[in-house]
Amino acid sequence: MSRTVEDIKRSIKSGKATVLTQQEISEMVEEKGEIGLKDVDVVTTATRAIMSGTYAVLSFPLAAPGSFIRASSARINGVPAYPGPCPNERLGIIDLMVYGTAHSIRQPDYGGGHLLRELVEGKDVLVEVLAENGDLLEKDICLDEIPYARIFSTRNAFKNYVAFVNPKGLPLKTIFSRLEFPPHFAAATVSGCGQINPIKNDPHLETIGIGTRILINGAQGFVMGTGTRSMPTRPNLLGMADMRHMDPEYMGGFATSAGPECIGSWAVPIPVLNEYILRSILLQDRNIPLTIMDVNVRQKIGKSTYGDVWDSVDLEVQFDPERCKGCTRCTAAPACPMNAISIEDGRVLRDKTKCFNCGLCVSQCSGGAFQGRLGAIRLGERTIPIQLRQSDRARAMGLAKRLKEEILNGSFRITEMVERL
């Protein structure tokens, strides 16, 4: 038995289609033990993680026509921005490219990811442009004043990722840890949303291709191709969406010991066209391989499964302010990669809207105010506790649910790819 995307689109339009999130599929498997094509038409998948290959293109009026000929450099909130590629500055309009991983020259833990989230939140940002003649042009601007603001990816939404450990005898500064990465296999960091990850559910890209409609940070966008470093065994995607329709909850910056990184979120509908796609959808975390790598040299030293990461753990970190001892370990470094923890009038506070559920605060809190089971990975005879998660499965599941609702209410229309990848 097989069907086409058009068959499924007609079923959705008639109100007869069964649309389920990948998490709902998992729960059905645990309950029923078996699911067939008759049980589901579309599965919504998602991932939220550190996505370094992210950049934005912004185009907006900066000054009166004729004010300057060409920009030589630019910054937005201290984050480097790159003029061009079209040199139309005589019009007073400037095009700027901002990398999600760019680092502010003023704040060590502030970067492009933070800037893009603040724009989507509606905050004013300071644009500073140095013209070729030496003039400095400055302007406060918000997203409503930027006619063209889109996020692109060079590579996002990998088919899951890897776990990192540090077998060497010295701690290491790396983008895979907020604090220095502890030595001697003392801790692991992990990335990848496991069974709900989009490409895991369509590993041969039978339904994901050029022109596939998706959600990026909550905004409708499209797949444009495969990204850089994409391989048949480890594919990733290139996509685009308009920032004006994004939700700041699904994006942002993430501080590491090697500087700030960028958070991105994707949700992708998978039309269940045939038995092979269905089998991929039914694959559970415990059956999905997780490569373990030496963070020093990025080489494989073992393997585990995503069951170690996501089975029988807490997806959200809980906070009980009454258990806080006031030791300030969580704010002294600061330990929180999202700067979601602060002290006000001697009390520790958490901004849950910023929390990434990475879990680092759990290992740093001496009083148990921050709690959550993060699991551990197995490497030979070793059991290595997970100290930090660079994927937020809780919010990814929320985005998959949001996509399901939009499909069912007709605000999101599934598209058939223009070309296979």
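Start by selecting Ala-396, which has its place in helix α8, residues 393-409. Before you look further, keep in mind that this model is predicted. Is Ala-396 buried or exposed? With a relative accessibility of 0%, Ala-396 counts as buried.

Keep Ala-396 on screen and add Asn-197 to your selection. Along the chain these two are 199 residues apart, yet 8.7 Å separates their C-alpha atoms.

Next, colour the cysteines. How many disulfides does a search of the whole structure find? The search finds 0. To see why, zoom in on Cys-262: its closest cysteine sulfur belongs to Cys-193 and lies 15 Å away, too far for a bond. While you are there, try showing the surface: Cys-262 is buried, and its relative accessible area is 2%.

Now move along to Cys-361. The nearest cysteine sulfur here is that of Cys-358, at 6.2 Å, and Cys-361 is in no disulfide. For a pair of cysteines to count as a disulfide, the sulfur atoms must be within 2.5 Å. Cys-361 also counts as buried, at 13% relative accessibility.

For the last stop, go to the surface and select Asp-144. Where is Asp-144 found? Look in the loop between β8 (136-141) and β9 (148-155). Asp-144 is exposed, with 74% relative accessible area.

Finally, extend the selection to Asp-124, Glu-138, Asp-140 and Glu-145. Together with Asp-144, these residues form a negative surface patch. Try colouring by charge to pick out the patch that Asp-144 helps to form.

Note on methods:
Residues numbered from 1 in each chain as written. Predicted model: local features only at pLDDT ≥ 70, side-chain atom pairs only at ≥ 80, totals over all residues. Heavy atoms only, no water. Patch = residues over 30% accessible without salt bridge, like charges linked within 9 Å, V, L, I, M, F, W, Y side chains within 5 Å. Areas by Shrake-Rupley, 256 points an atom, 1.4 Å probe, with all protein chains shown as cover. Salt bridge = Lys/Arg side-chain N within 4 Å of Asp/Glu carboxyl O. Lys, Arg positive; Asp, Glu negative; His and termini not counted. Charge placed at Lys NZ, Arg CZ, Asp CG, Glu CD. Helix = DSSP H or I, 4+ residues; strand = E, 2+ residues; numbered from the N terminus. Buried < 20%, exposed > 50% of the residue type's maximum accessible area, 1.4 Å probe, protein only.
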